[in-house]
Amino acid sequence: MAIDLVIRNAFFPGSDGLTDIAFANGRIAAMAPRFVCDAPEYDAGGRLVSGGLIETHIHLDKAGIVGRCALCTGTLAEAVSETSKAKAAFTEEDVYARAAGIVEQAILNGTNRLRTFVEIDGRAGFRSFDAIKRLRADYAAAIDIEICAFAQEGLTNDPGTEEMLDRALASGADLVGGCPYTDPRPDDHIRRIFDLGERYGVPVDFHLDFDLDPAGSNLPLVIAETLARGYQGRVSVGHVTKLSALPPEAFEAVGRSLAQAGIAVTVLPATDLFLTARATTYLVPRGVTPAHRLAELGVLTTISTNNVLNPFTPFGDVSLIRMANLYANVAQIGTGNALEAVFGMITINAARLLGLKQYALEVGGPATLVLFDAVSGADAVARLSPAVTGWKDGRQTFLRPAPRLLFGQSAL
Ligand SMILES: [Zn+2]
């Protein structure tokens, strides 16, 4: 077999010492120490190799619009209404340009798969959807993009949205997402989203329980519908910040129910920190659900970026390593094993949430990997280690040369 490239001296978690990884025809042909061949090589210099970072929950369509919105209260209600107003003016080219900038930044940060929500309703029409579908095709060589047709502003209160989601699922959306907290009939909303998912045989993903009132959770219905429809392993929920307001015994009971129902949870620390507890004037709660405690109860958990530079999160750089670090800091996680588990929430757990068949680095699998300037996942999370370079299906997709100190020398 003709070897195209060998990555030399990579640190592969779980192996003894450093590993060489040989590529042939876009696949991994060999993984072994001191692999003998004369193909071109890249010296990883002992750096951590990973399958790459994965956003399980991001909104490409409404990224980068903070300059078009007025932020006064900083609440979730304001974020939804301000974005709704801006959305009506989106053009396909506008969405494409903003989303492309975000996707390029994500690739440079070591992300090679993502699930984006795309709002499809009477205000956005199919303009955002068409833009993101075009983007998905144009960037396929560097990143796999999954599109979730999303009802941000409700279903039962928003005539036409349900039919539009149906059309999107028939024309290229990968799954369907709901937002019962913006619907006056949240139970009906949840069932209709499940109905759409079942009709097309695709997963469902809900924005759920996004406040700090422990009462009024929509989780019991999502759990019941998941079990009744045999949807275990194909349901994920984002935010669920109500869980952060539960005392330990109640939290554990919900966590065990989520684990039994095979429902995955995505925590979105930047948005949850920014939007929750706005009425609290001192000793402000963190409002971030403890993903690591859910993981201890057997729940599949991930961390994701959610929003970038919009009223939901008016900052961001699409760096999942930064998001993992933020989560670890907020959740007061500091030991090596616990930080390694946080790295898992933006890598292997995220691959499981998306149901990826091929993510782990193994012989015969895709030559898709990212090198980090770190000696372990825990180290990367603790030190905010940047991605250095990455390949997808054997093709190099980005390179970030290390910054240099000059001490008076000229770099020219
Ligand atoms: Zn979201």
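Which residues of helix α6 (residues 219-228) are buried? I began my notes with this question, keeping in mind that the model is predicted.

**Entry: helix α6.** I went along the helix and listed Leu219, Leu221, Val222, Ile223, Glu225 and Thr226 as its buried residues. I then looked up what covers these buried residues, and found that the cover includes the helices α5 (186-200) and α7 (248-261) together with the strands β10 (204-208), β11 (235-239) and β12 (263-267). Just after α6 I noted Gly230, which takes a positive phi of about 65°.

**Entry: His189.** From the cover of α6 I moved to α5, the helix in which His189 is found. His189 has a relative accessibility of 0%, and because buried means under 20%, I entered this residue as buried. Leaving aside the neighbours within four places in sequence, I listed the contacts of His189 as Ala151, Gly154, Leu155, Thr156, Gly178, Cys179, Pro180 and Asp183.

**Entry: the zinc ion.** Which protein atoms are the donors of the zinc ion? I found NE2 of His57, NE2 of His59, NE2 of His207 and OD1 of Asn306, lying 2.0 to 2.2 Å from the ion. I wrote the spacing of these donor residues in sequence as H-x1-H-x147-H-x98-N. His59 lies in the loop between β6 (53-58) and α1 (76-87), while Asn306 lies in the loop between β13 (301-303) and α10 (320-330), so this pair ties together parts that are 247 residues apart in sequence. I checked the accessibility of both residues: His59 is buried, with a relative accessible area of 2%, and Asn306 also counts as buried, at 1%.

Why did I enter the arrangement around the zinc ion as irregular? The 4 donor atoms subtend angles of 84 to 174°, and four donors count as tetrahedral only if all angles lie between 85 and 135 degrees, so I could not use that label.

**Entry: the two domains.** I took the division of the protein chain as domain 1 (5-51 + 360-399) and domain 2 (53-353), with C-alpha centres that lie 30 Å apart. To the contact, domain 1 gives 19 residues and domain 2 gives 23 residues. The area buried between domain 1 and domain 2 came to about 1600 Å², of which carbon and sulfur atoms give 66%. I also looked for salt bridges across this interface, and the rule finds 1.

**Entry: a charged pair.** I looked up Lys392 and Asp144, whose side chains meet in a salt bridge with an N to O distance of 3.0 Å.

Methods. Residues numbered from 1 in each chain as written. Predicted model: local features only at pLDDT ≥ 70, side-chain atom pairs only at ≥ 80, totals over all residues. Heavy atoms only, no water. Donors = N, O, S within 2.8 Å, 3.2 Å for Na, K, Ca; no water. Tetrahedral: all angles 85-135°; square planar, octahedral: opposite > 155°, others 65-115°. Helix = DSSP H or I, 4+ residues; strand = E, 2+ residues; numbered from the N terminus. Buried < 20%, exposed > 50% of the residue type's maximum accessible area, 1.4 Å probe, protein only. Domains from an automatic or database assignment. Contact = heavy atoms within 4.5 Å. Buried area = accessible area lost by both parts, 1.4 Å probe. Salt bridge = Lys/Arg side-chain N within 4 Å of Asp/Glu carboxyl O.
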